Amino acid sequence: MAMMLTLLMLAVSVFAAQASAAPKDRNDNGIPDAWEKAHDLSTKKDQGNRDADGDGARNRCEYQAKTDPGVADSDADTIVDGDEDTDGDGATNRAESNLHSNCGRANSHLQIRRATVTSLTDGVLVLTVRGGGTVTAPVSSTLRCSVKKATDDASTSSEGKGSPKSSCAVADLVTGAKVHKARTKGGKFVAVTLVK
Ligand SMILES: [Ca+2]
Ligand SMILES: [Ca+2]
Ligand SMILES: [Ca+2]
Ligand SMILES: [Ca+2]
């Protein structure tokens with residue numbers, strides 16, 4: 001009996017240790033309750049995709065970037081949190097909020113859908129993603145550039161099928177060019193599909 005009690009107590013203490021090791025996240029949105037409470041966010045309702053202070057970085061991004069979801073310019077350097085690139089991966093917090101990537105962990109692989117070419121200078125491409133924010137990365141020497149006809153856009157349900165793409169070159173990445181999708185790998189743009 002004493003043996004069983006000891007085992008039971010051991011099981012309970014192990015369980016308690018595990019429970020306290022993982023921070024409580026009652027709404028299961030990847031943001032611990034403690035952080036939500038500390039910043040006046042709901043622990044029940046998922047407010048991760050909201051931008052409480054309107055700085056372009058959504059609440060989940062601010063948690064990942066360790067910035068303040070109630071202060072637009074957390075470090076008071078005159079650059080709002082959304083325009084910072086906290087993890088230094090070339091994508092601003094605003095862009096990462098819109099791409100749903102992690103604002104606090106450098107992403108060497110990014111999938112971008114719908115963007116516009118902002119600039120291409122010395123082999124470094126800057127895209128503005130839909131919803132705002134920029135992704136800046138060098139263009140790989142093996143870049144796969146393709147062009148999708150704008151008229152194909154209405155029938156994207158069978159993506160790629162039946163709509164032959166033509167190829168393009170780095171020189172076609174001019175300011176204002178519409179990007180259907182783009183991909184980075186190892187911190188470089190490896191594929192870009194333009195819409196024309
Ligand atoms: Ca939560
Ligand atoms: Ca914000
Ligand atoms: Ca903020
Ligand atoms: Ca970033």
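## Nonpolar core

In this predicted model, the largest nonpolar core comprises 19 residues, of which Ile112, Leu127, Val129, Val135, Val179, Ala182 and Val192 touch the most other members. At least two residues of this core come from each of helix H4 (93-99), strand S1 (110-121), strand S2 (124-129), S3, S5 and S6. The greatest contribution is that of S1, which provides four residues. Because domain 1 (24-106) and domain 2 (108-196) both give residues to this core, it lies between them. As a general background, nonpolar side chains in soluble globular proteins tend to be buried together.

The surroundings of Ile112 can be listed in detail. When residues up to four places away in sequence are not counted, Ile112 touches Leu99, Leu127, Val129, Val135, Lys181 and Ala182. Among these, Leu127, Val129, Val135 and Ala182 are themselves named with Ile112 as the core residues that touch the most other members.

## Pairing of strands S2, S3 and S4

Strands S2 and S3 run antiparallel and are joined by five bridges. In this pairing, Thr128 stands opposite Thr134 in S3. The two strands form a hairpin with four residues between them, and Gly131 in the turn adopts a positive phi of about 95 degrees.

Strand S3 (residues 134-148) also pairs with strand S4 (residues 166-167); these two run antiparallel and share two bridges. Here Ser146 has Ser167, in S4, as its bridge partner.

## Pairing of strands S3, S5 and S6

A parallel arrangement is found between S3 and strand S6 (residues 188-195), with six bridges joining them. Two of the residue pairs can be named: Val139 is matched with Phe189 in S6, and Lys148 has Val195 in S6 as its bridge partner.

Strand S5 (residues 178-185) is joined to S6 by six bridges as well, but S5 and S6 run antiparallel. Thr184 stands opposite Phe189 in S6, and Phe189 is also the bridge partner of Val139. The hairpin of S5 and S6 has two residues between the strands, and Gly186 takes a positive phi near 60 degrees there.

## Environment of Val139

Val139 lies in strand S3. Is Val139 buried, exposed or partly exposed? Its count is 19 C-beta neighbours inside 10 Å, and Val139 is therefore classed as partly exposed; the buried class requires 20 or more.

With neighbours within four places in sequence left aside, Val139 is in contact with Gly123, Leu125, Val170, Lys188 and Phe189. One of these contacts, Phe189, is also its bridge partner in S6. Val139 and Val124 are separated by 15 residues in sequence, while their C-alpha atoms are 5.9 Å apart in space.

## Positive phi outside glycine

Most residues other than glycine have a negative phi. Which value does the phi of Asp40 take? The angle is positive, near 55 degrees, in a residue other than glycine. Asp40 is found in the loop between helix H2 (33-38) and helix H3 (59-65). With 10 C-beta neighbours inside 10 Å, Asp40 counts as exposed, since the exposed class extends to 12 or fewer.

Lys66 likewise is a residue other than glycine with a positive phi, near 60 degrees. The place of Lys66 is in the loop between H3 and H4. Lys66 is exposed, because 11 other C-beta atoms lie within 10 Å.

Conventions:
Residues are numbered from 1 along each chain as its sequence is written. Chains are lettered from A and ligands numbered from 1 in the order in which they are written. This is a predicted model: local features need pLDDT of at least 70, side-chain atom pairs count only at pLDDT 80 or more; totals for chains, interfaces and linings use all residues. Two strands pair if DSSP finds at least two bridges between them. A nonpolar core is a set of buried Ala, Val, Leu, Ile, Met, Phe, Trp, Tyr and Cys residues joined through C-beta atoms within 7 Å. Domain bounds come from an automatic or database domain assignment. Two residues are in contact if their C-beta atoms, placed from the backbone, lie within 7 Å.
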